[in-house]
Amino acid sequence: MTARWEQVERWLAGHAPADFATLQAGLSGQEIARLEDSLGFPVHHDLRSFLGVCGGCLFPASSIDAGAFFFGYALLDVDGILAAHQELVDMVDEAVAQGYENSVVGRTADRFWVPIARDVTGDIIFIDHRAELKGAVGAMSFGDPESTLPWPSMALMLEDMLSALQSGKALDAIQGLTPRVHEERMVQWEIRG
């Protein structure tokens with residue numbers, strides 16, 4: 001999995017240097033331990049490996065800024081992961097308190113989803129840590145009543161990303177997204193029409 005990520009990084013360095021410049025160094029074991037302590041559970045081994053080589057990226061201030069190369073999302077650092085996770089926990093707590101947890105838990109929020117990327121609207125890509133789906137990659141849009149699980153693992157997600165970046169062809173796993181390099185500096189993902 002880390003080898004695939006390194007290939008993505010090399011592609012970004014050669015084709016989308018502004019996006020590459022937003023990448024943060026991998027997390028230390030101490031930072032990963034802080035993340036796990038705050039979450040209250042250990043992260044999946046794929047996520048732990050990934051965070052060891054990539055600690056997120058600088059979050060773009062607007063759509064014209066680099067950094068949203070991850071399917072149109074920006075990778076989160078530890079504090080971003082924890083803040084986005086707390087939002088999910090708050091949604092679950094509110095749903096349980098109000099008696100509509102069946103409409104929320106596991107559908108639009110879950111305590112065991114660990115957000116790894118966010119777009120400017122607040123939508124997230126997460127790694128599922130529920131026992132039956134541990135390690136699957138999900139996407140949640142606040143405008144949709146149901147999350148999706150486009151990949152069974154981070155390794156397959158990165159394989160699809162790399163293939164799409166290298167070929168410029170649509171990625172069927174998420175809305176037929178197609179990568180385009182904008183101004184020879186950053187990747188933008190367009191929805192196939």
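## A buried pair to start with

Which side chain meets R130 in a salt bridge? The partner is D128, with N and O 2.6 Å apart. Are these two residues buried or exposed? Both R130 and D128 turn out to be buried. Keep in mind that you're looking at a predicted model.

## Other salt bridges

Search the whole structure and you'll find 9 salt bridges. Take R4 and E159: their closest N and O atoms sit 2.9 Å apart. R4 belongs to helix α1 (residues 2–15) and E159 to helix α7, so this salt bridge ties together parts that are 155 residues apart in sequence. R4 counts as partly exposed, at 27% relative accessibility, and E159 is partly exposed too, with a relative accessible area of 36%.

Now try R48 and E36, whose side chains meet at 2.4 Å, N to O. Here R48 comes from helix α4 (residues 45–53) and E36 from helix α3 (residues 29–39), 12 residues apart. R48 is partly exposed, with a relative accessible area of 33%. E36 has a relative accessibility of 16%, so it counts as buried, the cut-off being under 20%.

## The nonpolar cores

In soluble globular proteins, nonpolar side chains tend to be buried together. The largest nonpolar core here has 47 residues, and the ones touching the most other members are W5, F69, F70, F71, L75 and W189. Helix α7 (residues 154–167) gives the most to this core: 7 residues.

Want to follow one member around? Leaving out residues up to four places away in sequence, L75 touches several others, including W5, F50, F69, F70 and I116. Apart from the largest core lies another one, made of 9 residues, among them L88, A95, A109 and F126.

Notes
Residues numbered from 1 in each chain as written. Predicted model: local features only at pLDDT ≥ 70, side-chain atom pairs only at ≥ 80, totals over all residues. Heavy atoms only, no water. Core = buried A, V, L, I, M, F, W, Y, C linked by side-chain atoms within 4.5 Å. Buried < 20%, exposed > 50% of the residue type's maximum accessible area, 1.4 Å probe, protein only. Helix = DSSP H or I, 4+ residues; strand = E, 2+ residues; numbered from the N terminus. Contact = heavy atoms within 4.5 Å. Salt bridge = Lys/Arg side-chain N within 4 Å of Asp/Glu carboxyl O.
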